[in-house]
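Here are some notes from a pass through the packing and the voids in this model. Have a look at the structure first, then see if you agree.

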Amino acid sequence: MSACKRLLYIVKHRGIWPSIWRRNVTTWSPVGAAFNAKPHRRLELFEKNVGLFGVPELSSPAGFEVTTKRALKDTQELVDKVCSSPPGAVTVETFDQLSDGLCKVADLLFFSPNQADFVKVAHPDPSFREAAEKTCIEIGTVVEKLNTNVDLCRSLKNLLDNKDVFAQLDPETRKVAELFMFDFAISGIHLDEKLRKEAVKLHVKLLDLNNEFLMGSHLPNRIAKSAIPEYIHCHFATEGSFIQIGGLHAESSNDLVREVAYRIFLYPNADLMECLEELLKCRNKLAKLVGYESYAHRALQGTMAKTPETVMNFLQLLTDKLSERTAIDFEMIKDMKTKLNPLNAELMPWDPPYFSGVLRAERYNIEPSLYSPYFSLGSCMEGLNSLFTKLYGVSIMSEHPSAGEVWNDDVRKLAVVHETEGLLGYIYCDFFHRANKPHQDCHFTIRGGRQCQESGQYQLPVVVLMLSLPHPTKSAPTLLTPSMMENLFHEMGHAMHSMLGRTRYQHITGTRCATDFAEVPSILMEYFATDYRVVNQFARHYQTGQPLPQSMVARLCESKKVCGAADTQLQIFYSALDQMYHGKPQNRSTTDILKDMQHKFYGLPYTPNTAWQLRFSHLIGYGAKYYSYLMSRAVASMVWKQCFVQDPLNRDMGERYRREMLAHGGGKEPMLMVEGMLQRQPTIEDFVDALVTDLNPDFETFIMDSTS
């Protein structure tokens, strides 16, 4: 073998993860080995650059312009086709193909669900980020113009008005046709030409305001070093003569560090405040223009809640049910602060996260460092693989990405394979922290699944999971805290929703469904993550192979209920604030509204000269829908207790869950999917009761803990 051929053979077959920490008792599975290995920069001397996600044009920043031009050319051809075709199934198919063509570009760029650009946020190369930003603006503007294209809308309306033809369509096709018409309606298609143009301008302006607010909400604030005591400087980043504060430092044991971080990080920024005020005004103006009472009324169309009145009723009922428990929780937190710091015992807004954590650790001995050796990233991925195999007959398999396919060397690629259906799709795992990467756990749809009429093939879904985990060290793989492990399971729940939602149309694929339903699959995974029968399947010490003691799993599950009412009340406060911001306009500032909602829905007072709302980045992707986390948790709780608590690894129940809730994406009314799974119609009161009973002690767990 020549020297050149030998080098080529080594490069192609050596892999990129050569160093693995091996257990003494058992060996890692392939997927566990891939994630418990040290990333190694691969040599790509002889490999062709296939471009990001295998899109050849995206092998360089200039490719974004090429991709955009082709997408816009294809868009115009499809618009011409749908406007000249007789009404029928082909109308909906062409609409979906039109949507798919734009989404293939847009979803590469848009940071779903928060509408910042994906590549701009995720790619380490500034030139890629700049090219992506330019494309975002261009695609976003085209989409808004299409949403008010009268000829395009008329072709769809002709189908909906032709009752004979429409009745012959299958239910999924009818649903998609109605959803496309709904998109036209909320964009103001029914308005005259002058008002339609105004609606487009508002949409485009909102794209800019959304991006400005989202980026600004994550920027650090800074303060002169001389303004704070020198002994706490080491807790923050420094920049010359300034201290930079980019977060709340809520877990710090130092009272002053938490207070300084809270006051400085939340200090009002006049420009960002103006941006938020203008954003809310534009949203309200757009909603009014297209015929809605408020932006919240517009945003909640098609959700489980349906109206802001239902949401506020849900939040108020939950507050009333939790009032006594919330008061007790705050009293316990205050007592713990008094015990640890008797000279500064007043409970402040920056205290609950830390002292509730102390309470949990003291009561159940759940110091994260005791758990982390059992939760190596590889073992957690093995656990997910085992769980999916048992529930759905699905395996996740590690693949080596091609040259240029991923944006960083430590990004892993997974193929999702069903035992009889074959390859379902791909998951790219961007799990590790790096500079300029957002500290958010997110799921991104890069390409939606759909049946391609033009080729007869099924377009496989592609998603990205983004976490911010620590890198492995010289002596150990990446070790997860219990909360990191739970977040991993949560995000993988989104990914499997995308993989298992085998819809005919990409417009409704996977997580493209009502927001207050989209979080159900991910939150349900949190219940699996804290069930001892599931955890026992994978939690093994990365060095010895010893299993995590059952009593430790039991304590971990119960510890979440400590101060659970106070944690839930905080979510209620955020949800109520979100509803007020998107309800009927009020002649007062966003800060005054926050003060009022904090007084009404939370037990701690507002801190002067702070503006927490400027860090509320969910106002972009979840505007008027932040309550979705609570409502989805209620549904997930009901599904868990009724369907999985007796046997979380039951294949029949897993198949039923896929059939009733995961397979439809957004192609079926969300409440009908819930009813199909629960075999009954739940009420708002049922949702409230589910959340409240979740906080009740599990006496079986206490018995397990004591006997162990």
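**Notes on pockets, cavities and helix packing**

1. Three elements, helix H3 (63-84), helix H4 (89-109) and strand E11 (442-447), each put at least two residues into the lining of the second largest pocket. Keep in mind that this is a predicted model. The pocket has a volume of about 520 Å³, and 21 residues line it, with Arg70, Asp100, Gly101, Lys104 and Val105 the closest to its centre.

2. What is the class make-up of that pocket's lining? The split is 9 nonpolar, 4 polar and 8 charged residues.

3. H3 also packs against helix H6 (residues 126-146), with the axes 10 Å apart and an angle of about 15 degrees. Angles under 35 degrees count as roughly parallel, so that is the label for H3 and H6. Their crossing is right-handed.

4. If you want to pull up the side chains there, H3 brings Phe64, Thr68, Leu72, Thr75 and Val79, which meet Phe128, Ala131, Ala132, Thr135, Glu138, Ile139, Val142 and Leu146 of H6. Sorted by class, this contact has 9 nonpolar residues, 3 polar and 1 charged.

5. Next, the pair H17 (residues 377-392) and H18 (residues 482-500): the axes come within 11 Å and cross at roughly 40 degrees. Why call H17 and H18 oblique? An angle of roughly 40 degrees is not under 35, the cut-off for roughly parallel, and it falls outside the other named ranges too, so the two helices are oblique to each other. H17 passes H18 in a right-handed crossing.

6. On the H17 side the contact uses Leu377, Cys380, Met381, Leu384, Leu387, Phe388 and Tyr392, and on the H18 side Met485, Leu488, Phe489, Met492, Met496 and Leu500. The class count for this contact is 13 nonpolar, with no polar and no charged residues.

7. Now the enclosed space: there are 4 cavities of 30 Å³ or more, and the largest cavity holds about 50 Å³. Phe388, Tyr392, Gly493, Met496, His497, Pro521, Met525, Tyr657 and Leu662 line the largest cavity. Phe388, Tyr392 and Met496 also belong to the contact between H17 and H18.

8. Which elements give two or more residues to the lining of the largest cavity? They are H17, H18, helix H20 (520-529) and helix H27 (651-662). H18 has the largest share, 3 residues. By class, the lining of the largest cavity has 7 nonpolar residues, 2 polar and no charged ones.

Note on methods. Residues numbered from 1 in each chain as written. Predicted model: local features only at pLDDT ≥ 70, side-chain atom pairs only at ≥ 80, totals over all residues. Heavy atoms only, no water. Axes fitted to C-alpha atoms, helices over the stretch in contact; angles between N-to-C directions. Helix = DSSP H or I, 4+ residues; strand = E, 2+ residues; numbered from the N terminus. Parallel < 35°, antiparallel > 145°, perpendicular 65-115°, else oblique. Left-handed = near helix turned anticlockwise from the far one by under 90°. Contact = heavy atoms within 4.5 Å. Nonpolar A, V, L, I, M, F, W, Y, C, P; charged D, E, K, R; others polar. 1 Å grid on protein atoms, 1.4 Å probe; cavity = no way out; pocket = protein on both sides within 12 Å on 5 of 7 lines; lining within 4 Å. Points joined across faces, edges and corners; volume = space filled by probe spheres on them.
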